[in-house]
Amino acid sequence: MSAPALPAGFEPAGFEIVEAHRSSGGTQYVLAHDSTATGCRMRFGLYLPPQYQTAKAKLPLLVFLSGLTCTEQNFITKAGAQTLAAELGLAILAPDTSPRGVEIPGQDDSYDFGSGAGFYVDATEAPWSAHYRMETYVLELLDAVLAGFALDGARVGITGHSMGGHGALTLAMRHPDRFRSLSAFAPIASPTRCPWGQKALAGYLGGDETLWAGHDASLLLTSRGWKGDILVDQGLDDSFLEGQLKPELLQEAAAKAGVSLTLRRQPGYDHSYYFIASFMGDHLRWHAERLVR
């Protein structure tokens, strides 16, 4: 069976079909477009469940933000989300993690800064500020997808893994009007207090640490709170748990802010997509309860 036709107005939206795969009755797309935020060609994954072709009402959308070194391919090929998303009637948007092909000197020198490591912030430091505007990119992409497809902008959730878990938490708290539900897998809970985050925030935002605080989930939770509840899963055999992720800081901040945080510590699980796939169903149901019903 061929992939279903895209809606009227698809071509003017500026999206190019790179891949289209039938999956669990719906279609997993990889699409490309020119981004004004990053100033380059970007790719993203979009899963449209079978209900997309027949639903009279617009469907809810879940955004998944990936971690260091990833592209849209890691989530769409390894997380195993499509079958349950089809059952629940959830569309899923999976952006890339950084600009690609912009030829900035040093962008490929390390795995935790530059290519594949945009950290979902808008860089203010040259030369990164010309292209590494990933917070604006995700919101720009979300607007474009909501406008180009029959999806409900009032029912959008966000989740992510590691650097993407940091991105999900911070974008939700920085833009609470855009997201209704929130979860994360092994997020970088306080980037101002771990080596990954300190390197990225200094490189993209400069040395003023007061600017860093606006992109730290634990600090944002204390200062801004969150309008709903939060689900976080963390593997206890994760090699990055103590040095980089520090979920206890998020837990402490949630308690201070009076925000309901369900932090599940999972024995035996590491930082890989084996961990993500094991609990993806729980997260999809979490978001469906807040977006679908």
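Visitor: Is Arg-264 buried, partly exposed or exposed, and what is its relative accessible area?
Guide: Welcome! This is a predicted model, and Arg-264 lies in its strand S9, residues 261-266. Buried would need a relative accessible area under 20%, and exposed one over 50%. Arg-264 falls in between, so the label is partly exposed, with a relative accessible area of 26%.

Visitor: With which residue does Arg-264 form a salt bridge?
Guide: The closest N and O atoms of this pair are 2.9 Å apart. The partner of Arg-264 lies in strand S8 (residues 230-235), so the pair ties together parts that are 31 residues apart in sequence. That partner is buried, with a relative accessible area of 0%. The residue that pairs with Arg-264 is Asp-233.

Visitor: Which residues are joined into one network by salt bridges that share partners?
Guide: Side chains of opposite charge can pair when their charged atoms come close. The structure holds 13 salt bridges. Where salt bridges share partners, they join into one network the residues Glu-16, Asp-34 and Arg-41.

Visitor: How far apart in sequence are the parts that Arg-178 and Asp-143 tie together?
Guide: Arg-178 and Asp-143 form a salt bridge, with 2.5 Å between the closest N and O atoms. Arg-178 sits in the loop between helix H4 (163-174) and strand S7 (181-185), while Asp-143 belongs to helix H3 (residues 134-148), so the parts tied together are apart in sequence by 35 residues.

Visitor: Does Asp-143 count as buried, partly exposed or exposed?
Guide: The middle class runs between the cut-offs of 20% and 50% relative accessible area. Asp-143 has 40% relative accessibility, so this residue counts as partly exposed.

Visitor: Are Arg-155 and Asp-152 buried or exposed?
Guide: These two residues form a salt bridge, and their closest N and O atoms are 2.9 Å apart. As for the label, Arg-155 and Asp-152 are both buried.

Visitor: How far apart in space are Leu-59 and Arg-155, C-alpha to C-alpha?
Guide: Leu-59 is found in strand S4 (residues 59-65), and at 8% relative accessibility it counts as buried. Leaving aside neighbours within four places in sequence, its contacts include Asp-152 and Arg-155. Leu-59 and Arg-155 are 96 residues apart in sequence, yet their C-alpha atoms are apart in space by 8.0 Å.

Visitor: How many residues does the largest nonpolar core have?
Guide: Phe-75, Val-145, Phe-179 and Tyr-204 are the residues with the most contacts inside this core. Phe-179, for one, touches Val-63, Leu-139, Leu-142 and Trp-226, among others, not counting residues up to four places away in sequence. The number of residues in the largest nonpolar core is 96.

Visitor: Are helices H7 and H9 roughly parallel or roughly antiparallel to each other?
Guide: Two packed helices are described by the angle between their axes and the distance between the axes. H7 (residues 217-224) and H9 (residues 247-257) pack at an angle of about 0°, with axes 8 Å apart. Angles under 35 degrees get the parallel label. H7 and H9 are therefore roughly parallel.

Visitor: By class, how many nonpolar residues does the contact of H7 with H9 have?
Guide: On the H7 side, the contact is made by Ala-217, Ser-218, Leu-221 and Thr-222. H9 brings Leu-249, Leu-250, Ala-253, Ala-254 and Ala-257. There are 2 polar and no charged residues in this contact, and the nonpolar ones number 7.

Visitor: Which residues are joined by a cis peptide bond?
Guide: One partner lies in the loop between strand S5 (91-95) and H3. The omega angle of the cis bond is about 0°. The residues joined by this bond are Ala-126 and Pro-127.

Visitor: What is the phi of Ser-162?
Guide: Ser-162 is in the loop between strand S6 (151-160) and H4. At 3% relative accessibility, this residue counts as buried. Although Ser-162 is not a glycine, its phi is positive, at about 60°.

Visitor: What is the relative accessible area of Phe-119?
Guide: Phe-119 lies in the loop between S5 and H3. Leaving out residues up to four places away in sequence, Phe-119 touches several others, including Leu-68, Met-163, Trp-196 and Tyr-204. Phe-119 is buried, and its relative accessible area is 0%.

Terms used. Residues are numbered from 1 along each chain as its sequence is written. This is a predicted model: local features need pLDDT of at least 70, side-chain atom pairs count only at pLDDT 80 or more; totals for chains, interfaces and linings use all residues. Side-chain values use heavy atoms; hydrogens and water are left out. A salt bridge is a side-chain nitrogen of Lys or Arg within 4 Å of a carboxyl oxygen of Asp or Glu. Helices (H or I, at least four residues) and strands (E, at least two) are DSSP runs, numbered from the N terminus. Buried means under 20% relative accessible area, exposed over 50%, partly exposed in between (1.4 Å probe, protein chains only). A nonpolar core is a set of buried Ala, Val, Leu, Ile, Met, Phe, Trp, Tyr and Cys residues joined through side-chain atoms within 4.5 Å. Contact means heavy atoms within 4.5 Å. Axes are lines fitted to C-alpha atoms, for helices over the stretch in contact, and angles run from 0 to 180 degrees between N-to-C directions. Angles under 35 degrees count as roughly parallel, over 145 as roughly antiparallel, 65 to 115 as roughly perpendicular and the rest as oblique. Ala, Val, Leu, Ile, Met, Phe, Trp, Tyr, Cys and Pro count as nonpolar, Asp, Glu, Lys and Arg as charged, and the others, Gly among them, as polar.
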